[in-house]
Amino acid sequence: MRRPDGKIVLLGDMNVGKTSLLQRYMERRFPDTVSTVGGAFYLKQWRSFNISIWDTAGREQFHGLGSLYCRGAAAIILTYDVNHPQSLFELEDRFLGLTETANNDCLFAIVGNKVDLTSERDTEGGEKEGPASGKVGSCVSTKVPKQVQPEDAVALYKKILKYKMLDEREMPAAEQMCFETSAKTGYNVDLLFETLFDLVVPMIMRQRAEESDQTVDIASCKTPKQTRPGCCA
Ligand SMILES: Nc1nc2c(ncn2[C@@H]2O[C@H](COP(=O)(O)OP(=O)(O)OP(=O)(O)O)[C@@H](O)[C@H]2O)c(=O)[nH]1
Ligand SMILES: [Mg+2]
């Protein structure tokens with residue numbers, strides 16, 4: 001198997017829907033899930049690149065593994081449940097610290113899942129979503145008020161950039177990186193993953209270019225002409 005060119009990791013509390021989001025995207029279905037043990041990954045080919053997408057366990061007992069999975073990540077999807085404010089707090093309290101092992105220029109997406117449970121608007125048929133639909137900041141009228149507001153996710157995104165000492169002007173805007181999704185209906189799921197792939201690919205290419213700049217071509221290095229000691233050239 002070819003080594004993946006880039007890595008994306010899903011983090012977040014148990015039950016927020018990480019496994020369901022990944023299965024919705026990769027297998028186009030919403031099967032019953034069991035709570036994840038450890039971690040597992042899918043490989044996705046995007047253009048000519050292989051991207052691994054890691055699903056991790058949200059259960060406290062597997063917490064220690066989180067930073068292992070984040071090692072070398074190009075992007076991290078911090079997932080919460082829009083109906084459970086605690087799951088958003090946990091991202092900052094428990095999961096952000098695990099991302100120290102990710103790449104220095106790692107991207108962060110904040111994803112509020114299970115929006116189908118609150119939204120009155122058409123969140124069915126995720127395959128048909130419009131480009132800006134459901135992005136944080138768009139107006140979604142809800143039957144049952146959402147427990148976590150999109151602005152809270154935006155605030156967390158900005159906090160993370162500060163915490164990571166990343167320049168806001170050089171990173172994707174919060175509106176581009178905060179999503180509300182439904183793994184159940186597929187709402188915004190393609191948009192989430194494919195936005196990240198499109199952002200990760202240039203990073204992979206940049207990294208490759210830097211690596212090839214640092215590579216010394218031994219064949220092109222001329223060996224200095226040997227001169228015999230004491231002999232005038
Ligand atoms: N209504 C609704 N239910 C969802 C959605 N996503 C996941 N669920 C349900 O929420 C429960 C937990 O989903 P999982 O995908 O297993 O959650 P997880 O984040 O992977 O949990 P851990 O593996 O324990 O960390 C399951 O019963 C899912 O069917 C969604 O978008 N809408
Ligand atoms: Mg899971």
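**Aspartate 13 and its surroundings**

Trainee: Which residues does aspartate 13 touch, not counting residues up to four places away in sequence?

Mentor: Contact means heavy atoms within 4.5 Å. This is a predicted model, in which local features need pLDDT of at least 70 and side-chain atom pairs pLDDT 80 or more, while totals for chains, interfaces and linings use all residues. Residues are numbered from 1 along each chain as its sequence is written, chains are lettered from A and ligands numbered from 1 in the order written, and side-chain values use heavy atoms, without hydrogens and water. With residues up to four places away left out, aspartate 13 touches Lys18, Gly58, Thr79, Ser87, Glu90, Arg94 and Phe95.

Trainee: With the side chain of which residue does the side chain of aspartate 13 make a polar contact?

Mentor: Aspartate 13 is buried (under 20% relative accessible area, exposed being over 50% and partly exposed in between, with a 1.4 Å probe on protein chains only), its own value being 16%. A polar contact is a pair of N or O atoms within 3.5 Å; within protein, one must be able to donate a hydrogen and the other to accept it, and residues adjacent in sequence count only through side-chain atoms on both sides. At 2.8 Å, the partner side chain is that of arginine 94.

Trainee: How far from cysteine 70 is the nearest cysteine sulfur?

Mentor: The count of disulfides (cysteine sulfur atoms within 2.5 Å) is zero. Cysteine 70 is in no disulfide, and cysteine 70 is buried at 0% relative accessible area. The nearest sulfur belongs to cysteine 106, at a distance of 7.5 Å.
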